[in-house]
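User: I am new to reading protein models and would like to work through one by asking questions. Please reason each answer out before you give the value or name.

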Amino acid sequence: MPTYTFRCREGDVFEERHSMAEVPANAMCPQCAQPAVRLPSAPHLSAAGSSAYGLIDRSARSAHEPEVVRGGLPGAPRRSGGGYTSNPLHRKLPRP
Ligand SMILES: [Zn+2]
């Protein structure tokens, strides 16, 4: 849920969390109880729990905990018996 910034007539600035569909144009100031208007700014979207944080965590973890690499190196000759498929009908297909 994004955080929106409001400012009352006294100049108090505060933030409230609302859903983007139900964000009010006005709110009550918690300090002076005056009506406050929403400031025209981009909502502060939280990236917590998003795929962006997952990617950052995975990148940081790979620096000291690299994942196990399975299979051969690119360009290295393939082992016999190994291939892309285990379907016996595919063995009859022409090879590149
Ligand atoms: Zn106020």
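User: Among contacts in the chain between residues at least 6 apart in sequence, what share joins residues at least 24 apart?

Analyst: This is a predicted model, in which local features need pLDDT of at least 70 and side-chain atom pairs count only at pLDDT 80 or more, while totals for chains, interfaces and linings use all residues. Residues are numbered from 1 along each chain as its sequence is written, and side-chain values use heavy atoms, with hydrogens and water left out. A contact means heavy atoms within 4.5 Å. Among the contacts between residues at least 6 apart in sequence, the share that joins residues at least 24 apart is 31%.

User: In what order do the elements of the chain run from the N terminus?

Analyst: Helices (H or I, at least four residues) and strands (E, at least two) are DSSP runs, numbered from the N terminus. The chain has one helix and four strands, and from the N terminus on their order is β-β-β-β-α.

User: Which geometry does the site of the zinc ion have?

Analyst: Donors are N, O and S atoms within 2.8 Å of the metal (3.2 Å for Na, K and Ca), and because water is not among the atoms, sites may look incomplete. The protein donors here are C8 (SG), D12 (OD), C29 (SG) and C32 (SG), at 2.2 to 2.3 Å from the zinc ion. Four donors count as tetrahedral if all angles lie between 85 and 135 degrees. The angles among the four donor atoms are 104 to 116 degrees, and the site is therefore tetrahedral.

User: How many residues apart in sequence are the parts that D12 and C32 tie together?

Analyst: The donor residues are spaced C-x3-D-x16-C-x2-C in sequence. D12 lies in the loop between β1 (3-8) and β2 (13-17), whereas C32 lies in the loop between β3 (26-28) and β4 (35-38), so the pair ties together parts whose separation in sequence is 20 residues.

User: Is F14, a partner in the aromatic pair, buried or exposed?

Analyst: The structure holds one aromatic pair. The ring centres of F6 and F14 are 5.7 Å apart and their planes meet at 15 degrees, so the pair is stacked (rings of Phe, Tyr and Trp, with its six-membered ring, pair if their centres lie within 6.5 Å; planes under 30 degrees apart count as stacked, over 60 as edge-to-face and the rest as tilted). Buried means under 20% relative accessible area, exposed over 50% and partly exposed in between, with a 1.4 Å probe and protein chains only. F6 has a relative accessible area of 0% and is buried, and F14, at 11%, also counts as buried.

Definitions and conventions: Tetrahedral: all angles 85-135°; square planar, octahedral: opposite > 155°, others 65-115°.
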